[in-house]
Amino acid sequence: MSQRTGTAVSALHYYERLGLIASERTAGNQRRYRRYMIRRVALISVAKRLGIPLEDVKDAFSEVPLTESPSQADWDKASRRWKTTLEQRRRGIEKLEQELTGCIGCGCLSMKACALLNPGDQLGAGGAGARRIEG
């Protein structure tokens, strides 16, 4: 599987621990992957390259059978589910891009007025003094 997909063996083991893929053990305790796992590993690789968290991938795969060959309907359902997640992510990135462009152009350096770093002066409710924004 590692040679076929270009995925490190350690990554395959990690994906298996997360429940993203599954293998069967031989009498010599070697892992053997079913052919249909190649698609799962390929999609995980694409998601990783795009910065999509493995938890989102796991959610998208949640209704795709792990122990038997998935049908086209299974993959279609997962695809629709994932598309919705990706659309939400895209809208969030576009919004951030607009806000960030405005922030860079603004130059106000005002923590009270900044809609990007302190929307609605949420930090002001914590009182005077320095505040760190999380998330």
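**Working chat: salt bridges, core and confidence**

Colleague: Let's start with D56: what is its relative accessible area?
Modeller: D56 has a relative accessible area of 25%, and is therefore partly exposed, because buried would require under 20% and exposed over 50%. Please keep in mind throughout that this is a predicted model.

Colleague: Which side chain does D56 meet in a salt bridge?
Modeller: The partner is R89, and the salt bridge between the two side chains has an N to O distance of 3.6 Å. D56 sits in helix α4, residues 54-60, while R89 belongs to helix α5, so the pair ties together parts of the chain that are 33 residues apart in sequence. R89 is partly exposed as well, with a relative accessible area of 30%.

Colleague: How many salt bridges does the structure hold?
Modeller: The structure holds eight. Among them is the one in which the side chains of E63 and R81 meet, at 3.1 Å from N to O. This pair also links distant parts of the chain, given that E63 is in the loop between α4 and α5 and R81 is in helix α5, 18 residues apart. As for accessibility, E63 counts as partly exposed at 41%, and R81 likewise counts as partly exposed at 32%.

Colleague: And which residue forms a salt bridge with K83?
Modeller: That is E87, for which the closest N and O atoms of the pair are 4.0 Å apart, a value that lies right at the 4 Å cut-off for a salt bridge. E87 and K83 are four residues apart in helix α5, which means that about one helical turn separates them. E87 counts as partly exposed at 28% relative accessibility, whereas K83, at 51%, counts as exposed.

Colleague: Which residues do shared salt-bridge partners join into one network?
Modeller: The network consists of D59, E63, K77 and R81, joined by salt bridges that have partners in common.

Colleague: Switching to the inside, which residues touch the most other members of the largest nonpolar core?
Modeller: Of the 18 residues in that core, the ones touching the most other members are Y15, L20, I21, I44, V57, F61 and W82. Two or more residues come from each of the elements α2, α3 (37-49), α4 and α5, and α3 gives the largest share, four residues.

Colleague: What does W82 touch, then?
Modeller: Once residues up to four places away in sequence are set aside, W82 touches L43, A47, I52, V57 and A60.

Colleague: A60 again. Is A78 buried or exposed, and where is it?
Modeller: A78 is in helix α5 and is buried, with a relative accessible area of 7%. Leaving out neighbours within four places in sequence, A78 is in contact with A60 and V64. The C-alpha atoms of A78 and A60 are separated by 5.4 Å, although the two residues are 18 apart along the chain.

Colleague: What about the backbone: what is the phi of N29?
Modeller: N29 has a positive phi of about 65° and is not a glycine. That deserves a second look because most residues other than glycine have a negative phi. N29 is found in the loop between β1 (24-25) and β2 (31-32), and N29 is exposed, with a relative accessible area of 51%.

Colleague: I should have asked earlier: in what order do the elements run?
Modeller: Starting at the N terminus, the order is α-α-β-β-α-α-α, which comes to five helices and two strands.

Colleague: What share of the residues is buried, and how much area does the chain expose?
Modeller: Of the 135 residues in the protein chain, 19% are buried. The chain exposes about 9,700 Å², of which carbon and sulfur atoms supply 52%. On the contact side, taking those between residues at least 6 apart in sequence, 42% join residues at least 24 apart.

Colleague: Last one: which element has the lowest mean pLDDT?
Modeller: Helix α5, residues 72-106, has the lowest mean among the elements, at 83, and helix α2, residues 9-18, has the highest, at 96. Over the protein chain the average pLDDT is 83, and 76% of the residues score at least 70. Where pLDDT is low, the predicted coordinates should not be read in detail.

Note on methods:
Residues numbered from 1 in each chain as written. Predicted model: local features only at pLDDT ≥ 70, side-chain atom pairs only at ≥ 80, totals over all residues. Heavy atoms only, no water. Buried < 20%, exposed > 50% of the residue type's maximum accessible area, 1.4 Å probe, protein only. Contact = heavy atoms within 4.5 Å. Areas by Shrake-Rupley, 256 points an atom, 1.4 Å probe, with all protein chains shown as cover. pLDDT = per-residue confidence, 0-100. Core = buried A, V, L, I, M, F, W, Y, C linked by side-chain atoms within 4.5 Å.
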